[in-house]
Amino acid sequence: MKSPKSIFTCSECGHTTVKWYGKCPSCGAWNTMEEGEPPVETAVSASARTIKRIAPEYESEIVRFDDLELPHFIRQATGMGELDRVLGGGLVHGSVVLLAGEPGIGKSTLLLQISSSLALGAPNPETGEVSERKVLYVSGEESQGQLKLRAKRLGVRCSSLYVLTETNVERILRQCDKLHPDVIIVDSIQTMYDEHVASAPGSVTQVRESALAFISKAKNEGISVIMVGHVNKEGGIAGPKVLEHMVDAVLYFEGEKLRSYRIIRAIKNRFGSTNEIGMFEMSDGGLEEVANPSEALLSGRPAGVSGNCAMCIMEGTRPIIAEVQALVAQTSYPSPRRTSNGIDYNRMCLILAVLEKRLGYRFSVNDAYLNVIGGLHVDEPASDLAVALALISSIKDEPVADDLIAIGEIGLAGECRAVQQFEQRVSEAVRLGFRKIIVPQRNYEKKSLIYPDVKLIPVKSIFDKIDLSGK
């Protein structure tokens, strides 16, 4: 049978066909079929090379489940406490981490700082000795001169940090065999290519094969690998979805270019929690850790202004005090506008509907705008009560007390439901100087700690008269 002149590959799932489809027959994504050349037939097929690459050199044996032992993963500190928190305590020996983020967000800056910290090494907690580690920084996007210029700006100088500007996977692996590094950083995986694959760099097949080569290197030789992944216009990681399943951890580097704060969030982590975040601040000297995010997010908070309320959210085991602002103004449109930044739009509409139906506030004839300060994305329902107070404060043009914070979830019937990790939230609020805390009635009844000079205000529902001044 004559081979086709071209094939079409889905950029989401990697499904290939000889015809173009507007909708992928495999994953159902629209406008993802990209035209490319068919693979060249060689003596060793691509599937055979893949099996040979990932297959272990020894034969596995059956083991009784009760005889299994807990693994002792060796972690190495990256030198950045916020990143270690997200990773679960440090970079695991032989693990593969995928770091994704939008262009210009600061991924290369972060990786160069991590490279320097890893190369300098961290003191052994038992002996106190500091041992340097070989770190190979593989750049497929920047030249050596550009990297040196950035390193000079960041003050990076280390004798055990090596740089390789190459995009051919086979050549990179040969250089690794000569150097024997402890950590490999690949910037970025979309620029790498396997010369045995007949497709352009960045295609689904190239990204999958290149990533598989580095993963095999990491698992077989115990080398830690950090790969950079680009983000497409939908906000997902560019390349096949299987790439996220192949690696051990997936980290998203979030933030707005016009703001100085950056957040690292774990989406997947086989060696730690997926709810932790790390916060950084971009400065002239690179990324600086923000050890106390709550104080940073509340700095500059206006006093005595309506439509402003503090809330406490949980990111993993860390409570964070954030500020939500609401603006309700009479609309000049046939249909009122609704804008939400940092809070789910549907959640905002739900709260507006509950307040209008249960309390009679006329939000249907007013525009409503919500914003969470600092670029945070709040997705837990414990922020409902604070959002409701901010909206009520704005429509009544009555400010919320500066030392008042609200914690609770609102149901469709207007009830205020209990939240998890209540004691940690209240302790963080008290530490930052809040003396009036609105809490759900059920949490108030089960509280185990007594806070002097702090007024806990229990509420069963939004029908309870809540004084915005906290009296």
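## A walk through the structure, starting at a lysine

At 9% relative accessibility, lysine 217 counts as buried, because that word covers anything under 20% relative accessible area, with exposed meaning over 50% and partly exposed in between (1.4 Å probe, protein chains only). Before going on, note that this is a predicted model: local features need pLDDT of at least 70, side-chain atom pairs count only at pLDDT 80 or more, and totals for chains, interfaces and linings use all residues. Residues are numbered from 1 along each chain as its sequence is written, and side-chain values use heavy atoms, with hydrogens and water left out.

So what does lysine 217 pair with? Its side chain meets that of aspartate 177 in a salt bridge, 2.2 Å from N to O. A salt bridge here is a side-chain nitrogen of Lys or Arg within 4 Å of a carboxyl oxygen of Asp or Glu. The pair links distant parts of the chain: lysine 217 sits in helix α6 (residues 204-221) and aspartate 177 in helix α5 (residues 169-179), 40 residues apart. Helices (H or I, at least four residues) and strands (E, at least two) are DSSP runs, numbered from the N terminus. Aspartate 177 counts as partly exposed, since its relative accessibility is 38%. Glu221 joins in as well, and together with Asp177 and Lys217 it belongs to a network of salt bridges.

Follow the chain on from helix α5 and you meet histidine 180, in the loop between α5 and β9. Its phi is near 55 degrees, a positive value in a residue other than glycine, and at 55% relative accessibility histidine 180 counts as exposed. A little further along, the peptide bond from aspartate 187 to serine 188 is cis, with omega near 0 degrees. Serine 188 is in the loop between β9 (183-187) and α6.

Now step back for the overall picture. The protein has twelve helices and 23 strands, and buried residues make up 49% of its 471 residues. Its accessible surface comes to about 24,000 Å², of which 51% belongs to carbon and sulfur atoms; such areas come from the Shrake-Rupley method with a 1.4 Å probe, and for residues only the protein chains shown count as cover. Take contacts (heavy atoms within 4.5 Å) between residues at least 6 apart in sequence: 66% of them join residues at least 24 apart.

A search of the whole structure finds 19 salt bridges. One of them joins arginine 425 to glutamate 380, with the closest N and O atoms 3.0 Å apart. This pair also links distant parts of the chain: arginine 425 is in helix α11 (residues 422-431), while glutamate 380 is in the loop between β18 and α10 (384-396), 45 residues away. Are these two buried or exposed? Arginine 425 is buried, with a relative accessible area of 2%, and glutamate 380 is buried too, at 17%.

Next, look at strand β18 itself. Six of the seven residues of β18 (residues 366-372) are buried, so this strand is largely enclosed by the rest of the structure. Two strands pair if DSSP finds at least two bridges between them. Strand β16 (residues 318-330) runs antiparallel to β18 and is joined to it by seven bridges, with alanine 329 standing opposite aspartate 367. Strand β17 (residues 338-341) runs parallel to β18, with four bridges between them, and serine 340 stands opposite leucine 370. The chain gets from β17 to β18 by way of helix α9 (residues 345-359), and this β-α-β crossover is left-handed. A right-handed one would, with the strands pointing away from the viewer, run clockwise from the first strand over the helix to the second.

For a simpler arrangement of strands, go to the start of the chain. Three strands form an open, antiparallel sheet in the order β2-β1-β3. Strands β2 (16-17) and β3 (33-36) stand at the edges with a single partner strand each, so one side of each is left without a neighbour in the sheet. Four bridges join β1 (residues 7-10) to β3, and the bridge partner of isoleucine 7 in β3 is glycine 36.

Finish on the surface. Aspartate 67 forms a salt bridge with arginine 64, the closest N and O atoms being 3.4 Å apart. Aspartate 67 counts as partly exposed at 48% relative accessibility, whereas arginine 64, at 58%, counts as exposed.
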